[in-house]
Amino acid sequence: MTGHQSNLLTYANSWSKILGTVQNAMFCLWNIRVLRVKGIVEGFDILALNDVELYASKINALLSRATSRDLYDVNAMINSNIIENSNLLRKCLIFYNMVGGEQDIDDISFENIKNINFAKFKTQLKPVMAKSDKFNLEEAKTKVISYLKALITIDEDERKFVEEFRNKNYMPELLFDGEAKINNIKFHPMALWRCPCTMESSCKTSNAEMK
């Protein structure tokens, strides 16, 4: 093994440990993926953000800042059929919209996506696209808006989560099922920052359990 190969393995291993440390504190979902760099690394396992959570955050970015780059990525997600669990995608999207977005998931107009024009596409996206990449801006806007309208159909518990969060009461059990998922996000720093009453309550519970 060369020095370069050794350094790369050390670097990847360090990040695996770092991500493993924050796994339970910050994110909903992780996957183990195999890192392969031909001639350097073969079959090295690393932690990677789950596709569902990755694209939920990307959709949230599209809904809030509406850049042509976000539109391109979400359109590619739809075309590739990479997301198998749309129900979980919606829940993760609701979570990110409340924690780090506009908190308007139950009142999306899609006007900002409609307003992505050719000038934005030309300056923001076209310079980084491959010449062989076929991308029709208007078709992408229509497809993405249609997909998101079908995706964002909020059920009673999800609506309750949104209402409670706006009232500074963070209740992830209304949004997710399964103890593992809930435990992974119940101390999410952004959620607790936006819901200080929940953080105070959690601290009191932890202190009581320690006594």
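This report describes the nonpolar core of a predicted model, then the helix α4, one loop residue and the cysteines.

**The core and its helices**

The largest nonpolar core has 49 residues, and those with the most contacts inside it are Leu148 and Phe161. The elements that give two or more residues to this core are α2 (51-65), α3 (68-80), α4 (86-100), α6, α7, α8 (156-166), α9 (179-185) and α10 (189-194). Of these, α4 gives the most, with nine residues. Phe161, one of the two residues with the most contacts inside the core, is in contact with Ile94, Phe95, Met98, Tyr170, Met171, Pro172, Leu174 and Leu175, when its neighbours within four places in sequence are left aside.

**Helix α4**

How many of the 15 residues of α4 are buried? The helix is mostly covered, since 12 of its 15 residues are buried, and they form the run of names Leu88, Leu89, Arg90, Lys91, Cys92, Leu93, Ile94, Phe95, Tyr96, Asn97, Met98 and Val99. What covers these buried residues includes α2, α3, α7, α8, α9 and α10. Among the buried residues of α4 are Ile94, Phe95 and Met98, and these three are also in contact with Phe161.

The length of α4 can be checked against its number of residues: at 1.5 Å a residue, the 15 residues should span 21 Å, and the end C-alpha atoms are 20 Å apart, which agrees. At the start of this helix, a side-chain oxygen of Asn85 reaches to within 3.3 Å of the backbone nitrogen of Asn87.

**A residue in a loop**

Met129 lies in the loop between α6 (118-125) and α7 (137-151). Is this loop residue buried or exposed? Because its relative accessible area is 17%, which is under the 20% cut-off, Met129 counts as buried. Leaving aside its neighbours within four places in sequence, Met129 is in contact with Tyr72, Phe121 and Phe135. Met129 and Arg69 are 60 residues apart in sequence, while their C-alpha atoms are 9.9 Å apart in space.

**Cysteines and burial**

A disulfide is a covalent bond between the sulfur atoms of two cysteines. With a cut-off of 2.5 Å between cysteine sulfur atoms, the count of disulfides comes to zero. The table sets out the burial of two cysteines together with that of Met129.

| Residue | Relative accessibility | Class |
|---|---|---|
| Cys92 | 1% | buried |
| Cys195 | 0% | buried |
| Met129 | 17% | buried |

Cys92 is also one of the buried residues of α4.

Technical notes:
Residues numbered from 1 in each chain as written. Predicted model: local features only at pLDDT ≥ 70, side-chain atom pairs only at ≥ 80, totals over all residues. Heavy atoms only, no water. Helix = DSSP H or I, 4+ residues; strand = E, 2+ residues; numbered from the N terminus. Buried < 20%, exposed > 50% of the residue type's maximum accessible area, 1.4 Å probe, protein only. Contact = heavy atoms within 4.5 Å. Core = buried A, V, L, I, M, F, W, Y, C linked by side-chain atoms within 4.5 Å. Expected span 1.5 Å × (residues − 1). Polar contact = N/O pair within 3.5 Å; in protein donor to acceptor, adjacent residues only side chain to side chain.
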